[in-house]
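Here are my notes on the model you sent over. I've kept them as numbered points so you can follow along with the structure open.

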Amino acid sequence: ILFKNKTSAIISVEASEAKKDISNSDIIILEKPKGHYQLSNKKDIYFYSTKGILDNSKGILELIENVIVKTSEGTKFVTNKLLYSNKKNIVTGEDTINIDGDWGTLNGKGFNYNLDSSIIILKGRPKLSLYNNKGNNK
């Protein structure tokens, strides 16, 4: 499945199984969805989850259970549920999120991530732990 966000960037989504909702043909139920999105700075985002729902009428992709988002720079986001709005180009979630990179870890409960500005706002008293690499670069 290919769809575009508000800036006409293409988001690709694959699934082991995809079927239309019986009650609403704009909704596609996804099993084991995985996908790819390229940011404006040419960096890549890859995402995976156990289940997903694509609502074409609302322009929303919902990823559910064991959601993992990885960047081409090695940062990894883990949460249980997130919503991507292709009209706003924003990813949001209310569940616990763990972010891990070569710089350290960041944990919170709930988040908003603006893909246009690459700014993430964590909610729920976020905790940042920086790795002490003592000048060693990975």
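1. Starting with contacts along the chain: take the pairs in the protein chain that sit at least 6 residues apart in sequence, and 33% of those contacts join residues at least 24 apart. Keep in mind throughout that this is a predicted model.

2. On secondary structure, there's not much variety to report. The protein chain has 13 strands and 0 helices. Reading along the sequence, you just get β-β-β-β-β-β-β-β-β-β-β-β-β.

3. What about overall dimensions? The radius of gyration of the protein chain is 16 Å, which agrees with the value near 14 Å that a compact globule of 138 residues would have. If you box up the C-alpha atoms along the principal axes, you need roughly 55 × 30 × 25 Å.

4. Next, inside versus outside. Of the 138 residues in the protein chain, 35% are buried. The accessible surface adds up to about 8500 Å², and carbon and sulfur atoms account for 51% of that.

5. For charges, I get 21 positive and 15 negative side chains in the protein chain. The centres of those two sets are 5 Å apart.

6. Now the largest nonpolar core, which has 26 residues. Which of them touch the most other members? Those are Leu61 and Leu115. Several strands each put at least two residues into this core: S2 (10-14), S4 (27-31), S6 (44-48), S8 (60-71), S9 (76-85), S10 (90-101) and S11 (104-114). The largest share comes from S8, with 4 residues.

7. Leu115 deserves a click in your viewer. Leaving out residues up to four places away in sequence, Leu115 touches Tyr37, Leu39, Ile45, Tyr84, Asn89 and Val91.

8. Last, have a look at Asp100, which is found in strand S10. Is Asp100 buried, exposed or partly exposed? Its relative accessible area is 35%, so Asp100 counts as partly exposed, given that buried means under 20% and exposed means over 50%.

9. Staying with Asp100, its contacts are worth listing too. Again not counting residues up to four places away in sequence, Asp100 touches Gly74, Thr75, Lys76, Thr105 and Tyr131. For a distance to check yourself, try Asp100 and Leu128: they are 28 residues apart along the chain, and their C-alpha atoms are separated by 10.0 Å.

Conventions
Residues are numbered from 1 along each chain as its sequence is written. This is a predicted model: local features need pLDDT of at least 70, side-chain atom pairs count only at pLDDT 80 or more; totals for chains, interfaces and linings use all residues. Side-chain values use heavy atoms; hydrogens and water are left out. The radius of gyration is taken over C-alpha atoms; the globule rule is 2.2 Å times the number of residues to the power 0.38. Buried means under 20% relative accessible area, exposed over 50%, partly exposed in between (1.4 Å probe, protein chains only). Contact means heavy atoms within 4.5 Å. Accessible areas come from the Shrake-Rupley method with a 1.4 Å probe; for residues, only the protein chains shown count as cover. Lys and Arg count as positive and Asp and Glu as negative; His and the chain ends are not counted. The place of a charge is taken as NZ of Lys, CZ of Arg, CG of Asp or CD of Glu. A nonpolar core is a set of buried Ala, Val, Leu, Ile, Met, Phe, Trp, Tyr and Cys residues joined through side-chain atoms within 4.5 Å.
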